[in-house]
Amino acid sequence: MTRRTPTDPAANTQILERTQTTRPRLYRVLLLNDDYTPMEFVVMVLGRYFRKSAADAETIMLAVHRKGQGVAGVYTREVAETKVAQVTQHARREGYPLRVVAEPEPSA
Ligand code: TYC
């Protein structure tokens, strides 16, 4: 909701104020399966970059391996994009083709 302040005669201006906050859109970071990235590397990534426990990391990695893709985490846009960049860089440094992408959550 927005609210107009009374006109300031000196400046002849009004200010539009937001009276409610809006929540930022959230983005899913998805891991995509491939045939070459080692399972242990994906588990390590899920622990280090997405703060998953060893058990959760193993479950998510196996789901991606079987189904083709899976959600590593859900974040605001800049955080999601940073994680995509960091994980992609780390994988390439190791010579792995791991693909990581961010996509907006369906807006509620
Ligand atoms: N399919 C890979 C293997 O068999 C493991 C893997 C899992 C790779 C998840 C990528 O996002 C991935 N070594």
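**Close-up 1. What packs over the buried side of helix 1 in this predicted model.** Let's start with helix 1, whose buried residues are covered by elements that include strand 3, helix 2, strand 4 and helix 3 (77-94). The buried residues themselves are Phe41, Val42, Val43, Val45 and Leu46. Keep an eye on Val42, which returns among the residues around the ligand.

**Close-up 2. The shell of residues around the ligand.** Here we turn to the ligand, which takes up the space of the second largest pocket. Around the ligand you will find Leu31, Leu32, Asn33, Asp34, Thr37, Met39, Val42, Val64, His65 and Leu98. Strand 3, helix 1 and helix 2 (54-67) each contribute at least two residues to this shell.

**Close-up 3. Polar contacts to nitrogen atoms of the ligand.** Take aspartate 34 to begin with: one of its backbone N or O atoms is 2.7 Å from a ligand nitrogen. Threonine 37 also uses a backbone N or O atom, placed 2.9 Å from a nitrogen of the ligand. With histidine 65 it is a polar side-chain atom that lies 2.9 Å from a ligand nitrogen. On its own the ligand has 350 Å² of accessible area, and the protein covers 89% of that.

**Close-up 4. Threonine 37 and its surroundings.** This residue sits in the loop that links strand 3 (26-32) to helix 1 (39-48). Threonine 37 counts as buried because its relative accessibility is 11%, and the cut-off for buried is under 20%. Its side chain comes within reach of the backbone nitrogen of leucine 98, at 3.2 Å. Apart from neighbours within four places in sequence, threonine 37 contacts Val42, Tyr96, Pro97 and Leu98. Two of these names may look familiar from the ligand view: Val42 and Leu98 both belong to the residues around the ligand, as does Thr37 itself.

**Close-up 5. Threonine 76, a residue of strand 4.** For our last stop, we move to strand 4 (residues 69-76), where threonine 76 is found. Threonine 76 has a relative accessibility of 32%, so it counts as partly exposed; that class lies between the limits of 20% and 50%. Leaving out residues up to four places away in sequence, threonine 76 touches Pro24, Arg25, Leu26 and Tyr27. To place this view relative to the previous one, note that threonine 76 and leucine 98 are 22 residues apart in sequence, with their C-alpha atoms 22 Å apart in space.

Methods:
Residues numbered from 1 in each chain as written. Predicted model: local features only at pLDDT ≥ 70, side-chain atom pairs only at ≥ 80, totals over all residues. Heavy atoms only, no water. Helix = DSSP H or I, 4+ residues; strand = E, 2+ residues; numbered from the N terminus. Buried < 20%, exposed > 50% of the residue type's maximum accessible area, 1.4 Å probe, protein only. Polar contact = N/O pair within 3.5 Å; in protein donor to acceptor, adjacent residues only side chain to side chain. Contact = heavy atoms within 4.5 Å. Near = heavy atom within 4 Å. Areas by Shrake-Rupley, 256 points an atom, 1.4 Å probe, with all protein chains shown as cover. 1 Å grid on protein atoms, 1.4 Å probe; cavity = no way out; pocket = protein on both sides within 12 Å on 5 of 7 lines; lining within 4 Å. Sits in = over half its atoms within 2 Å of the grid points.
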